[in-house]
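This report covers packing, voids and a few chosen residues. Keep the sequence and the model open while reading.

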Amino acid sequence: MRAFAAGLWSYRSLLIIILTPLLMLPLPLIIQTQVAQCAFTLVLMAVFWMTEALPLSVTALTPALVFPLFGIMKSSEVATLYFKDFHLLLLGVICLATSIEKWGLHRRIALKLVTLVGVNPGMLMLGLMMGCGFLSMWLSNTSTAAMVMPIVEAVMQQVMSAEGQVSSQQEKASSGICNPALQLEGDTEKEYEKATDMKSSEPVINEVVLTVPEEDHATEALPSSPLNSKYRTHRDHMMCKSLSLCIAYSASIGGLTTLPGTSSNLIFAEYINQFYPGCKSINFGNWFIFSLPICIIVLLSAWIWLHWLFLGSDFRSSLCSRGRQSEREKAAAKVIKDQYEALGPMSQQEMITLVIFLLMAVLWFVRDPGFMPGWASLFPDYPSYATDATVALLLGILFFIIPAKRPTADNYETMITWKEFQACMPWEICLLVGGGFALAEGTKVSGLSSWVAELMSPLGNLPVLAIVTIACIIVTSITEVASNPATITIFLPILSPLAEAIKVNPLYMLIPTTLSVSFSFLFPVSNPPNAIVFAYGHLSIMDMVKAGLGLNVIGVLTVLLAVSTWGTPIFDLNTYPDWASSHGLTNTTGI
């Protein structure tokens, strides 16, 4: 029986792919309306997305196949929804990310920030969170975690190794070595030689310490999981847990700050542009001003929460650690200093990347900031023609033009090549987002969104903040087991008609829901950064659940505070706008 169950489980994806449409087939066959047919498509895609029985991008192609057969939309109409302004924005951003990764600018930024805040475990955690959060504003959460975690692993292993050396030297004080920190590099080399000869059971420690400073790209090879690592003390283990979790969480939190920071933010922005073209308040400037305080509050709260859980409640020793450093802290400082010095002076390529990076951020911010005229006002005859994608494309193309080195007759090497761009470009996200737009348009055309809005209209008797809270809790729970883009894609076309039905500004519902989708902190499978840090072997599932549950609560409460206070004047949330046109809420669907 057990063998049969195991065999059945191995075919679970195939069973889901076959049984789900068969079980749902009575819905479009018995209730022969477009609403039922679109509901069949929605449920089918939701199940496939949440179970990942098919790749996410393959599931996203379902509307292109099903809608024409059901007569909901023509194939040519569905096809136009798979490439939008969002995709052009993503192309430009990935050009920047490719250059940052290729020339190692991310490592320089991360290491410099850590050297500024100190090496005490508490301050080290805060510095890493600041650096990782900043990087994730502009790079994908996955790339950020994969870039920074090898550096953190090297620091953790070196600190634990240095403490062992200190303890050993204290036991042999008569040996004449009075400052083990000065012997760190030589001792490490001797330990490596000894480990090579004896085939030590801890290969990961040596591999990480020796290879990370020499690697040009921290993401090229993820170190093996140090599941067999031994911690000398309980404090060492707690330090490793806290530093691992701080990378996973800050990589997700930092992305909240900018529209290109996460795919969920971009999907939301494109949804607003597509279905509410009259809404002009969703732009880079307004979003940055609104989300930056949220990011800061959640990051600091996460630091306090993780510090209390794993490092204890002695915050004074962390905040006042500059004047008195232990041997382990001196060892960590030496590792970080050596890695930073190994980078050498900033290269010409890094300078060019940094200049374009800053220029892109400034042009995004001042295009149409909302509180003052932006550069878009220089083209009054073409209002709203230029978008953030225009800036991203313009500067992204420069990476294919600007020479990385002095050109010669035989060689003209640009900042990035097309192959390097292709390696970084998340084409699956492009299809996933396109499928989401097609699904959203199908729910509108078929009348499903209006029918769902009518069904949920009794919620209008509740206070608006209560409805928003319920929506945030629902999406935060679902996104723990489903991908963030898939979750927001499903809920946007449901919540916006609900907001219209109860005469609430749609942004009041959609903004906090979009941000809450990024609060997927409970499990390793909840998002890629969680999985990356979990692979290093310092954490258990319960460690993530314990830390993530508290952080989920902190995140949702912070978002609710934001939309109730400073978000209200920024997006004018207290008024029902003219651009929120009704989609026809009279039930003519026959259901």
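I247 touches L128, C132, A145, V148, M149, V152 and V533, leaving out residues up to four places away in sequence. The model is a predicted one.

**Nonpolar core**

I247 also stands out in the largest nonpolar core. That core has 154 residues, and I247, I253 and L507 touch the most other members. Helix α16 gives the most to this core, with 12 residues.

**Two neighbours on α16**

Helix α16 spans residues 284-311 and holds I304. W305 is placed in α16 as well. I304 has a relative accessible area of 43%, so it is partly exposed, since that class runs between 20% and 50%. W305 counts as partly exposed too, at 23% relative accessibility.

Which residues does W305 contact beyond its neighbours within four places in sequence? They are K546, A547, G550, L551 and I554. The C-alpha atoms of W305 and I554 are 9.5 Å apart, with their positions 249 residues apart along the chain. I304 has a long-range pairing of its own to check: its C-alpha atom is separated by 9.2 Å from that of G122, 182 residues away along the chain.

**N552 on α28**

N552 lies in helix α28, residues 541-564. Is N552 buried or exposed? Its relative accessible area is 8%, so N552 is buried, the limit being under 20%. Setting aside residues up to four places away in sequence, N552 touches T476, E480, F519, S520, F521 and L522.

**Cysteines**

The disulfide count is 0. C38 is buried, with a relative accessible area of 0%. C295 is buried as well, at 2% relative accessibility.

The accessibility values discussed so far are collected here.

| Residue | Relative accessible area | Class |
|---|---|---|
| C38 | 0% | buried |
| C295 | 2% | buried |
| N552 | 8% | buried |
| W305 | 23% | partly exposed |
| I304 | 43% | partly exposed |

**The largest pocket**

The largest pocket holds about 1100 Å³ of space. Its lining has 42 residues, and S140, T142, S263, I429 and P528 lie nearest the centre. Several helices give two or more residues to this lining: α5 (56-59), α8 (85-103), α11 (141-171), α15, α21 (418-424), α22, α25 and α27 (528-534). Which element gives the most to the lining of the largest pocket? It is α8, with 6 residues. By class, the lining of the largest pocket has 23 nonpolar, 15 polar and 4 charged residues.

**Closed cavities**

The model has 3 cavities of 30 Å³ or more. The second largest cavity has a volume of about 50 Å³. It is lined by 10 residues, with Y271, A440, T443, K444 and S449 nearest its centre. By class, these are 5 nonpolar, 4 polar and 1 charged.

Helices α15 (263-275), α22 (427-446) and α25 (484-501) each supply at least two residues of this cavity lining. Helices α15, α22 and α25 are also among those that give two or more residues to the lining of the largest pocket.

Key
Residues numbered from 1 in each chain as written. Predicted model: local features only at pLDDT ≥ 70, side-chain atom pairs only at ≥ 80, totals over all residues. Heavy atoms only, no water. 1 Å grid on protein atoms, 1.4 Å probe; cavity = no way out; pocket = protein on both sides within 12 Å on 5 of 7 lines; lining within 4 Å. Points joined across faces, edges and corners; volume = space filled by probe spheres on them. Helix = DSSP H or I, 4+ residues; strand = E, 2+ residues; numbered from the N terminus. Nonpolar A, V, L, I, M, F, W, Y, C, P; charged D, E, K, R; others polar. Buried < 20%, exposed > 50% of the residue type's maximum accessible area, 1.4 Å probe, protein only. Core = buried A, V, L, I, M, F, W, Y, C linked by side-chain atoms within 4.5 Å. Contact = heavy atoms within 4.5 Å. Disulfide = S-S within 2.5 Å.
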